[in-house]
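Reader: I would like a close look at one part of this model, the place where the two chains meet. Please start from a single residue and work outward from there.

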Amino acid sequence: MVQLRPRASCTPAEADAMVDEGQPASEEVAEHGLLLGQPSSGAAAEPLEEDEEGDDESDDEAPEELTFASAQAEAREEERRVRETARRDKILLKEKRKRREELFIEQKKRKLLPDAVLEKLTTTSQTNIKKSPGKLKEVDLQKKHEGHDKGSDSKKAGTQKVQPGSQNKSYVALRLKDQDLRDARQQAAKAFIQNSLYGPGTNRMTVNKFLSLANKRLPVKRAAAQFLNNTWGAQKKQNAKRFKRRWMFRKMKASGRVNGS
Amino acid sequence: MDAFGGPIWSMTASPSGSQLLIGCEDGSVKLFQITSDKIQFERNFDRQKSRILSLSWHPSGTHIAAGSIDYISVFDVKSGSATHKMIVDRRYMGVSKRKCIIWGVTFLSDGTVISVDSAGKVQFWDSATGTLVKSHLIANADVQSIAVSDQEDSFVVGTAEGTVFHFQLVSVTSNSNEKQWVRTKPFQHHTHDVRAVAHSPTALISGGTDTHLVIRPLMEKVEVKNYDAALRKITFPHRRLISCSKKRHLLLFQFAHHLELWRLGSTVATGKNGDILPLSKNADHLLQLKTKGPENIICSSISPCGSWIACSTASRFFLYRLSYERDSISLQRVPKMPAFLRSALQILFSEDSTKLFVASNQGSLHIIQLSEGCFKHLHTFQPQSETVEAMCLLAVSPDGNWLAASGTSAGVRIYGLKELKPHCTVPAYNFPVTALGIAPNTNNLVIAHSDQQVFEYSIPDKQYTEWSRAIQKQGFHHLWLQRDTPITHISFHPKRPMHILLHDAYMFCIIDKSLPLPNDKTLLYNPLSLTNESDVIRRRTAHAFKISKKYKPLLFMELLDERTLVAVERPLDDIIAQLPPPIKKKKFGT
């Protein structure tokens, strides 16, 4: 709706301006979240104060002239600025996304082997492709149904040995998944036995406490056991020993001189 | 061979002995066939959800009970499928977040499955219906092991608190036929977890983390109530773990995975009898040899001159040459030791360090000639009888002419080293030999048996000596026969042929063959006050056995030269300080 100026003097120009200003004004209103008919603290506040001050001075001063053109120009400026910022933000985001995409492509490229090697690999493994699916199936089943001997055979085949073919250097590619599984199981087993016997929840006491309790239950009670760490402060002890020797030597010399002279 | 199931938690052989069952980490139970030359995989049973921790066969071989985490499964062997799955309560009464681990199961022939678990319960299950029959709560901590007698009327369980319980099948009333399982006897002989128990016809045997092996005879099963029917607690192994090089005063200590070489300290001070003299030169840790791999060292030895060290594990044999330059030593390994020397049970060097004697676990004796940095296989004595019996003890005469070897049951065999031929055999005795020694000049073989009998056999004459016959006729003192620990080492004085030096874990003794033998009425252990008495009284009460209990527990004792004796003690507190933590127990007044 229309912002009402406090001055009741409505000139036709003002009325026009107000009508024309409907849209920009509504924009402003929408932007500032105004209630209908309530003057905001923004544009209307200052003139209000001024008017009040003005009221004190003179009642007859006319309000500021705000032509339609200027107001329109102002509004347009605002709009343009807002649009500019939005566009700039979008451009920035786009650039960022582009850069990230390129980075990913780079990394992917780095992960794969160089093209030349890949080509050679695909040409040489063409011949093995027909055989491998069957073996892979065996590898899957071997844990469940296959017998032990068959299992060991397929295990060996499952470690894909890549034939070097016409290459300078020869290498053998192995499946690390099997070794990882074995290590993982061993770790799990060790952790299980450690937790179940000595982990939290088991009611264990330290060796120190055990020996101290034994001392307390003897017919002749003794003090609690204490464990010493003989390696603590080894350097300090060595320095102290050296210092003591030097000090003794000095003392002997001094007393020798006193006695002798 | 790899079972492809991950770490193996349990293994049990069928009652017939032809099949082997393995419980794995991934929850699978695998069946293997045992043939004469190898073990062959047969098939997998139904895979379970959690790791299989314990297995037991039914005596007929048709069913298996497998204990896992929170449940027990009963399998049918023919089909391989699980017939019953019995869920175990996590606590005797109430709920718990900690899972219940079934540490042991046993299958009885009437279909009862007995399970012991980490909640401290012993439970009886009926395998035909898969239901719980009876539950006993016996401990606040885990019950970790179970063993059943052959007649299936009693079983023994071991707990983590160190208590061993005996359960027996007794009739409900004195006339009735109905029987029930009752917990009869608790035994507290351990301080730490009891991880393994066994039930022999007359005794309960338990062993655990506190390194003691306890044999408790059951009074009602023992016929003769003599000293044999008492409790036995075995702390130290009955093997020689320390060898000594007399010439260079070196000691070689054998640990489970490494060897340590120490030079003894020396002193220039002098004092009276009973003084402790200060060391002028401290003991020196010269060398530490670690073995690679998970295997333990079975035996080791150092030559008397100190230039050779030999040790054997289950799969390899190591021979090292040591050279001493001023204050440093250098070590060199002799490569390519022959395969037949692997897993040797006993290694011995000859007195002049030119020959190496190795007793293998197949029963044969190998003689290797050592020279400047290489070796040569001289001869092998094959086992004579059909039964393959491992030679576990060796002794060589100081002049290098005779070699004595003893196995577990047959008599001691003596070989002549000059002709490389067997010489004679000492008559067999009921009890196994625990120590052998050959005296320097007289070539008398001294044999100590596990029932505390000591024999002396003359090798050149091929008969027992006069002194040995005399003491057998009179018999040993009753206190000597009641000693707990066996004699582990025999040594001799080079200048005094009448003296024999023996030691066991709690005493060492010099037997003076020239003095009269004690009878049952005399005092065996000489009291200290005797040294203050007059000469006459001492001569009257002196007898052949001079025993000192000053150093205990003794692990090793040897005469280095005419005036020096080395004794190695191993205090039990040191061992206890390195054990894993025990269960917390609340004691009154602490």
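Author: A good place to begin is Lys585(B), which sits in the segment after α4 of chain B. The model is a predicted one, and every value here is computed from it. Lys585(B) is partly exposed, because its relative accessible area is 25%, which falls between the 20% limit for buried and the 50% limit for exposed.

Setting aside residues up to four places away in sequence, Lys585(B) touches residues of both chains: Met205(A) and Leu213(A) on one hand, Glu161(B) and Gln188(B) on the other. With Glu161(B) there is also a polar link, since a polar atom of the Lys585(B) side chain is 2.8 Å from the backbone oxygen of Glu161(B). The partner atom on Glu161(B) is thus a backbone oxygen. Asn140(B) is 445 residues away from Lys585(B) along the chain, yet their C-alpha atoms are separated by 9.8 Å.

From this residue the view widens to the boundary between the chains. There, 38 residues of chain B are in contact with 31 residues of chain A. The area buried between chain B and chain A is about 3,000 Å², with 63% of it on carbon and sulfur atoms. On the chain B side, the residues that lose the most area to chain A are Phe4(B), Arg98(B) and Lys584(B), which together account for 20% of what that side buries.

As for charged and polar pairs, one salt bridge is counted between chain B and chain A. It joins Arg204(A) to Asp193(B), and the closest N and O atoms are 2.9 Å apart. Five residue pairs are in polar contact between the two chains, counting pairs with both residues at pLDDT 80 or more. Two elements of chain B, β4 (39-44) and α4 (572-577), each supply at least two residues of the side that touches chain A. β4(B) gives the most, with three residues. By type, the residues on that side of chain B divide into 18 nonpolar, nine polar and 11 charged.

Chain B as a whole gives the setting. Its secondary structure comes to four helices and 46 strands, and its C-alpha trace spans about 75 × 60 × 50 Å along the principal axes. Of its 590 residues, 48% count as buried. Among contacts in chain B between residues at least 6 apart in sequence, 43% join residues at least 24 apart.

One of the helices, α1(B), covers residues 466-474. Trwo faces of this helix can be told apart. Trp467(B), Ser468(B) and Ile471(B) are buried; they lie on the same side of α1(B) because they cover an arc of only 100 degrees around the axis. Glu466(B) and Lys473(B), on the other side, are exposed. The buried residues of α1(B) pack against four strands of chain B: β39 (454-458), β40 (463-464), β43 (508-512) and β44 (545-548). After the helix comes Gly475(B), with a positive phi near 90 degrees.

A buried residue in a strand makes a contrast with Lys585(B). His366(B) belongs to strand β31 (residues 365-370) of chain B, and its relative accessible area is 5%, so His366(B) counts as buried. Its side chain makes a polar contact of 3.1 Å with the side chain of Thr380(B). Beyond its neighbours within four places in sequence, His366(B) is in contact with residues including Phe340(B), Leu356(B), Val358(B), His377(B) and His379(B).

Conventions:
Residues are numbered from 1 along each chain as its sequence is written. Chains are lettered from A and ligands numbered from 1 in the order in which they are written. This is a predicted model: local features need pLDDT of at least 70, side-chain atom pairs count only at pLDDT 80 or more; totals for chains, interfaces and linings use all residues. Side-chain values use heavy atoms; hydrogens and water are left out. Contact means heavy atoms within 4.5 Å. Buried area is the accessible area (1.4 Å probe) that two parts lose on being put together, summed over both. A salt bridge is a side-chain nitrogen of Lys or Arg within 4 Å of a carboxyl oxygen of Asp or Glu. A polar contact is a pair of N or O atoms within 3.5 Å; within protein, one must be able to donate a hydrogen and the other to accept it, and residues adjacent in sequence count only if both atoms are side-chain atoms. Ala, Val, Leu, Ile, Met, Phe, Trp, Tyr, Cys and Pro count as nonpolar, Asp, Glu, Lys and Arg as charged, and the others, Gly among them, as polar. Buried means under 20% relative accessible area, exposed over 50%, partly exposed in between (1.4 Å probe, protein chains only). The arc is that of the directions from the helix axis to the C-beta atoms.
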